Amino acid sequence: MTNSRLTQFQTLQTGLPTRLPPDLRIYAVGDIHGRADLLDKLARRIEEERASAPSAVLTIFLGDYIDRGLQSSTVVDWLSRGDFPTPFLALRGNHEEIFMRFLEDASVLESWRRFGGIETLHSYGVEVSSIMRGKGYEEARRALSARLPDAHRRFIQETPLTASYGDYFFCHAGAKPGVPLDAQRAEDLLWIREEFLSFRGAWEKMIVHGHTPVSEPDILPNRINVDTGAFATSILTALVLETDSRRMLFVGHV
């Protein structure tokens, strides 16, 4: 991302009036995908900003902590231990959903290996040579189950699907148009793409999401996408919200 674009997106406005409760700052963080190096940089930047923060600061991770990047187990380890400079809420992404399904059903690996599962298994010390040839799925499931720390398992299992603060609604992928936000299906919150992305109508709240990588934050009157494809671009993005203000915080090769 060029310096001009970085400056352009540090402050932003959208059409929907939005506010947070007073004395609260939220950092909404896009998909990490196994980039522990970028998570560490973000933690350091947020720690630097704490001196100017209001009394309450909350970080909301929008899901997809694993897959594609090579440090998935490290990311989960840090978050499962609460190793971050602010209190945080870690939402579930579709990649965490697939991870949990694989622990129960080895056949899931046929699809999971094609979008990042091999990197996650490797990060947990699972032998992946057979998997790359489309074999050994049950052996890999057993190996992961044996190597997966209980704290990691609990962390992933306990990730909620949504969060809501003030006039903002946070989820991983988006929401199905025509359905109230409090009645959304898990399938849509975790996986939806085009039907949500092309919708230009109003929601009850401004939706902040990730899931669909964009070259720079996608800022529309009804939603804000902060997934800047960290695993491939080396840019991890956080939307910073405070009362009625918004700005972007970028870490990595910006």
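This is a short selection tour of one structure, which is a predicted model.

**Stop 1: the open sheet**

Begin with the strands β4, β5, β6, β8 and β7, which in that order make up an open sheet of five strands with mixed pairing. Select β4 (162–165) and β7 (218–219): these stand at the edges, and each has a single partner strand, so one side of each is left without a neighbour in the sheet. Then add β5 (residues 168–171), which runs antiparallel to β4 and is joined to β4 by four bridges. To check the register of this pair, pick Ser 164, which stands opposite Phe 169 in β5.

**Stop 2: Asn 225**

Stay in the sheet and move to strand β8 (residues 223–225), where Asn 225 is placed. Is Asn 225 buried or exposed? Asn 225 has a relative accessible area of 0%, and therefore counts as buried, the cut-off being under 20%. Show its side chain next: a polar atom there lies 2.8 Å from the backbone oxygen of Thr 212. Setting aside neighbours within four places in sequence, the residues in contact with Asn 225 are His 209, Gly 210, Thr 212, Val 214, Pro 217 and Asp 218.

**Stop 3: helix α2**

Select residues 36–49, which form helix α2. A distance label between its end C-alpha atoms should read 20 Å, in agreement with the span of 20 Å expected for 14 residues at 1.5 Å a residue. Now colour Ala 36, Leu 38, Leu 39, Leu 42, Ala 43, Ile 46 and Glu 49, the buried residues of α2. These cover an arc of only 155° around the axis, so they lie on the same side of α2. On the face turned away from that buried side, look for the exposed residues Arg 44 and Glu 48.

What covers the buried residues of α2? The cover includes the strands β1 (24–29), β2 (56–61), β9 (235–242) and β10 (245–252), together with the helices α3 (72–80) and α11 (230–233).

**Stop 4: the nonpolar cores**

From α2, go to the largest nonpolar core, which has 48 residues. Leu 42, Tyr 65, Phe 99, Phe 102, Trp 112 and Leu 121 touch the most other members. Helix α2 gives the most to this core, with six residues.

Centre the view on Phe 99. Beyond neighbours within four places in sequence, Phe 99 is in contact with Ile 66, Trp 112, Thr 120, Tyr 124, Leu 144, Leu 148 and Ile 156.

Finish with another core, of 20 residues, which lies apart from the largest one; Ile 26, Leu 91, Tyr 168 and Met 248 are among its members.

Notes
Residues numbered from 1 in each chain as written. Predicted model: local features only at pLDDT ≥ 70, side-chain atom pairs only at ≥ 80, totals over all residues. Heavy atoms only, no water. Pairing = 2+ DSSP bridges. Helix = DSSP H or I, 4+ residues; strand = E, 2+ residues; numbered from the N terminus. Buried < 20%, exposed > 50% of the residue type's maximum accessible area, 1.4 Å probe, protein only. Polar contact = N/O pair within 3.5 Å; in protein donor to acceptor, adjacent residues only side chain to side chain. Contact = heavy atoms within 4.5 Å. Expected span 1.5 Å × (residues − 1). Arc of directions from axis to C-beta. Core = buried A, V, L, I, M, F, W, Y, C linked by side-chain atoms within 4.5 Å.
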